[in-house]
Amino acid sequence: MAGPKNLPEPASITEERRETFRRDVMRTFARYAPFYNLVEVVLPFVRPNPRILVAETVDAEARSILDACTGNGAVLAAIARRRPAASVFGLDLSPEMLSLATRRIQREGLTNAQIHTGDCTRMPFEDETFDAVTGSYGLHEMPSDIRRAAVSEAFRVLRSGGRLVVIDWDEPHRFIERPVAAARKAVEPDWIGELFGDGLPELVRGAGFEDVTSRRDIFLSQLVTGIKPGWVGRPEHCIPREDT
Ligand SMILES: C[S@@+](CC[C@H](N)C(=O)[O-])C[C@H]1O[C@@H](n2cnc3c(N)ncnc32)[C@H](O)[C@@H]1O
């Protein structure tokens, strides 16, 4: 049996810092929400479709799945449709975005999907609750300390052996992506470059995930996965699993 490994310390941020960020996000997405679904007009032409890719990357056996920063619930719905036997939870701070998500799951009659209001840096869930956690274009909204705290929280709420699946902005991979990248620069925060290339996989690895993979053949985006290793607890009371 393998001995216990040390977990990285979870990223910590002050309550004041968290609150300032929360207010910024809520203000920003109250403004964006009325227009946010316009992205649905463009996305069907993007191949591969980023949201479908996230949904398809979730393990077929996962029964309890969290979509963090669910926003308009497009990924939440894509997972709930593909995994009717699973319970799928969407978490987001913005009431206006969550009302888009609520309308979507009602319209599609997805009784296995539910919405929660909350902060991804302090998730309202017990340790090791979910078999899979997904995140689609949420991390780039966060400055680095908040972003690290959010990935640490995803690690905490995932069960050992569970998979994190995140997609977010990347640098242009092909010439035709460059004009869109230039337009993106005008609307997205300066720090998004920290996620490009090795940035996102390193962030996931830094939170303690193993077997980290990266896929970059996606329009201006990168899909990263990681597995929470097969042990439980913090280093001082680490209990190796029987099968590790
Ligand atoms: C660009 S939208 C992405 C929405 C959706 N996942 C998608 O793929 O279209 C980012 C979302 O992240 C949410 N968000 C950002 N920071 C958050 C936090 N700390 N906790 C919860 N939600 C957060 C915002 O409210 C917003 O709905």
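Helix axes are lines fitted to C-alpha atoms over the stretch in contact, and the angle between two of them runs from 0 to 180 degrees between N-to-C directions. With that in hand, the helix pairing in this predicted model can be described. The axes of α1 and helix α5 (residues 95-107) approach to within 7 Å and cross at roughly 25 degrees. Because angles under 35 degrees count as roughly parallel, α1 and α5 are roughly parallel to each other. On the α1 side the contact is made by F29, A30, A33 and Y36, and on the α5 side by E96, M97 and L100. Sorted by class, this contact of α1 with α5 holds six nonpolar residues, one charged residue and no polar ones.

One further residue of α1 invites a look alongside this pairing. R27 is found in helix α1, and R27 is exposed, with 10 other C-beta atoms within 10 Å. Although R27 and E96 are 69 residues apart in sequence, their C-alpha atoms are 10.0 Å apart in space. E96 is also one of the α5 residues that take part in the contact with α1.

Helix α1 has a part in the surroundings of the ligand as well. The ligand is surrounded by 21 residues, and the closest are C69, G71, S94, C120 and S136. Both α1 (15-36) and α4 (74-82) supply at least two residues each to this shell. By class, the shell around the ligand is made up of 11 nonpolar, seven polar and three charged residues.

Attention now turns to helix α6. This helix covers residues 144-157, and at 1.5 Å a residue its 14 residues should span 20 Å; the C-alpha atoms at its ends are 20 Å apart, which agrees with the expectation. As for its environment, 10 of the 14 residues of α6 are buried, so the helix is largely enclosed by the rest of the structure. The buried residues are I146, R147, R148, A149, A150, V151, E153, A154, F155 and V157. Several elements contribute to their cover, including α1, β1 (64-68), β4 (130-136), β5 (158-169) and α8 (199-206).

Two positions outside α6 add to the picture of its surroundings. A11 is found in the segment before α1, and A11 counts as partly exposed, with 19 C-beta neighbours inside 10 Å. Apart from neighbours within four places in sequence, A11 is in contact with D145, R148, A149 and S152. The C-alpha atoms of A11 and R147 are separated by 9.0 Å, although these positions lie 136 residues apart in the numbering along the chain. R147, R148 and A149 are among the buried residues of α6. The second position, E141, is found in the loop between β4 and α6. E141 is buried, with 23 other C-beta atoms within 10 Å. From C-alpha to C-alpha, E141 and I192 are 7.7 Å apart in space, while 51 residues apart in sequence.

Helix α8, one of the elements covering α6, offers a contrasting pair of positions. G206 lies in helix α8 and is partly exposed, with 14 other C-beta atoms within 10 Å. The C-alpha atoms of G206 and P44 are separated by 34 Å, with the two residues 162 apart along the chain.

The backbone also has some local features that deserve a mention. The peptide bond from R47 to P48 is cis, with omega near -5 degrees. P48 lies in the loop between α2 (39-42) and α3 (50-57).

Positive phi values appear at D211 and at L220, neither of which is a glycine. For D211, phi is near 50 degrees, and the residue has its place in strand β6 (residues 210-218). For L220, phi is about 55 degrees, and the residue is found in the loop between β6 and β7 (221-227). Their settings can be told apart by neighbour counts: D211 is exposed, with 11 other C-beta atoms within 10 Å, whereas L220 is buried, with 20 other C-beta atoms within 10 Å. The assignment of L220 rests on the cut-off, because a residue is buried if 20 or more other C-beta atoms lie within 10 Å of its own.

Notes
Residues numbered from 1 in each chain as written. Predicted model: local features only at pLDDT ≥ 70, side-chain atom pairs only at ≥ 80, totals over all residues. Near = placed C-beta within 6 Å. Helix = DSSP H or I, 4+ residues; strand = E, 2+ residues; numbered from the N terminus. Nonpolar A, V, L, I, M, F, W, Y, C, P; charged D, E, K, R; others polar. Expected span 1.5 Å × (residues − 1). Buried ≥ 20, exposed ≤ 12 C-beta atoms within 10 Å, placed from the backbone. Contact = placed C-beta atoms within 7 Å. Parallel < 35°, antiparallel > 145°, perpendicular 65-115°, else oblique.
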